[in-house]
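Me: Hi! Got a minute to go through a structure with me?

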Amino acid sequence: MAQKKSNLVDVGRIATSYGVKGWVKIHSYTEPADNIFSYTPWLLKTKHGVKEIELVNWRQHGKGYVAQLKGVDNRDQADLIHQVTIAIDRAVLPDLEEGEYYWHQLEGLKVFTLNGELLGEVQKMMATGANDVFVVKPVADSIDDQERLIPYVPDHFETYVDLETGCVRIDWDPDY
């Protein structure tokens with residue numbers, strides 16, 4: 001039985017409290033990082049379930065960001081939500097141009113070589129600075145049990161993404 005894909009996309013996390021008035025430090029997963037503040041509402045993935053929370057204010061602080069959340073008015077309340085993941089409903093994400101993909105769309109795709117050899121499945125995406133990377137984990141029908149890190153460079157290694165069939169074809173030598 002296929003597992004239903006969640007409508008939530010992780011966009012960051014609350015790192016820790018900041019100050020005594022309930023502000024929190026934010027670690028963003030978005031690119032650029034301040035895009036996290038464009039997506040509302042925020043959905044906090046707590047150990048007690050998902051809780052919607054309203055962003056009141058935010059600002060850059062050093063190399064990161066701090067934010068004020070509605071109903072979080074002191075350090076004790078802020079401490080209760082540190083290390084909590086911030087998600088949004090994927091419906092609030094803007095549409096992309098043809099041939100562009102969000103990472104969550106690529107995660108879970110089966111990865112095949114141009115010769116049709118199954119290398120595995122995209123477990124996650126990783127930013128390296130120079131380019132993004134597919135982290136490909138082997139699956140039951142893979143050609144071997146090797147985990148692979150494959151550069152995600154459209155029109156170079158990655159040649160064809162098909163979200164409908166859930167696969168990506170890559171110009172990649174399995175022995176590399």
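Reply: Sure, let's talk through the cores, strand pairing, the largest pocket and a couple of single residues.

Me: Great. What kind of model is it?

Reply: It's a predicted model, so local features need pLDDT of at least 70.

Me: Good to know. How many residues are in the largest nonpolar core, and which have the most contacts inside it?

Reply: That core has 23 residues. Those with the most contacts inside it are Ile 14, Ile 26, Phe 37, Trp 42, Leu 69, Ile 81 and Ile 86.

Me: And which strands supply at least two residues of this core?

Reply: Strands S1 (8-18), S2 (23-28), S3 (42-46), S6 (64-69) and S7 (84-89) each do.

Me: Is there anything on a second core? What does it include?

Reply: There is a separate one of 14 residues, and Val 111, Val 122, Met 125 and Tyr 152 are among them.

Me: Back to Ile 26 for a second. What does it touch, not counting residues up to four places away in sequence?

Reply: Ile 26 touches Arg 13, Ile 14, Ile 36, Phe 37, Trp 42, Tyr 65, Ala 67 and Ile 86 on that count.

Me: Nice. Now Ile 81: where does that one lie?

Reply: Ile 81 is in the loop between helix H1 (75-79) and S7.

Me: Why does Ile 81 count as buried?

Reply: Because its relative accessible area is 10%, and the cut-off for buried is under 20%.

Me: Which residues does Ile 81 touch?

Reply: Leaving out residues up to four places away in sequence, Ile 81 touches Ile 14, Val 24, Leu 44, Leu 69 and Val 72. From C-alpha to C-alpha, Ile 81 and Leu 69 are 11 Å apart in space, with their positions 12 residues apart in sequence numbering.

Me: Let's switch to strands. How do S1 and S2 run, parallel or antiparallel?

Reply: S1 and S2 run antiparallel, joined by 6 bridges. Tyr 18 stands opposite Trp 23 in S2. The two strands form a hairpin with 4 residues between them, and Gly 19 in the turn has a positive phi of about 75°.

Me: What about S2 and S6?

Reply: S2 and S6 are also an antiparallel pair, over 3 bridges, and Lys 25 has Val 66 in S6 as its bridge partner.

Me: Which strands does S3 pair with?

Reply: S3 pairs with strand S4 (residues 49-53) in the antiparallel sense over 5 bridges, and a hairpin of 2 residues joins S3 to S4. In that pairing Lys 45 stands opposite Val 50. S3 also pairs with S7, antiparallel over 3 bridges, where Leu 43 stands opposite Ala 87.

Me: OK, pockets. What volume does the largest pocket have?

Reply: About 880 Å³. It is lined by 25 residues, and the closest to its centre are Tyr 29, Thr 30, Glu 31, Tyr 102 and Trp 103.

Me: How does the lining split by class?

Reply: The lining has 15 nonpolar, 5 polar and 5 charged residues. S1, helix H2 (103-106) and strand S9 (118-127) each supply at least two residues of that lining.

Me: Last one: Tyr 160. Where is it found?

Reply: Tyr 160 is in strand S12 (residues 158-162).

Me: Why does Tyr 160 count as partly exposed?

Reply: Because its relative accessibility is 43%, and partly exposed runs between 20% and 50%.

Me: What is Tyr 160 in contact with?

Reply: Apart from neighbours within four places in sequence, Tyr 160 is in contact with Cys 167, Val 168 and Arg 169. Tyr 160 and Leu 114 are 46 residues apart in sequence and 9.4 Å apart in space, C-alpha to C-alpha.

Notes: Residues are numbered from 1 along each chain as its sequence is written. This is a predicted model: local features need pLDDT of at least 70, side-chain atom pairs count only at pLDDT 80 or more; totals for chains, interfaces and linings use all residues. Side-chain values use heavy atoms; hydrogens and water are left out. A nonpolar core is a set of buried Ala, Val, Leu, Ile, Met, Phe, Trp, Tyr and Cys residues joined through side-chain atoms within 4.5 Å. Buried means under 20% relative accessible area, exposed over 50%, partly exposed in between (1.4 Å probe, protein chains only). Contact means heavy atoms within 4.5 Å. On a 1 Å grid over the protein atoms alone, a cavity is a set of points where a 1.4 Å probe fits but cannot get out, and a pocket is an open set with protein on both sides within 12 Å along at least five of seven lines; lining residues have an atom within 4 Å of a point. Grid points are joined across faces, edges and corners, and a volume is the space filled by probe spheres set on the points. Ala, Val, Leu, Ile, Met, Phe, Trp, Tyr, Cys and Pro count as nonpolar, Asp, Glu, Lys and Arg as charged, and the others, Gly among them, as polar. Two strands pair if DSSP finds at least two bridges between them.
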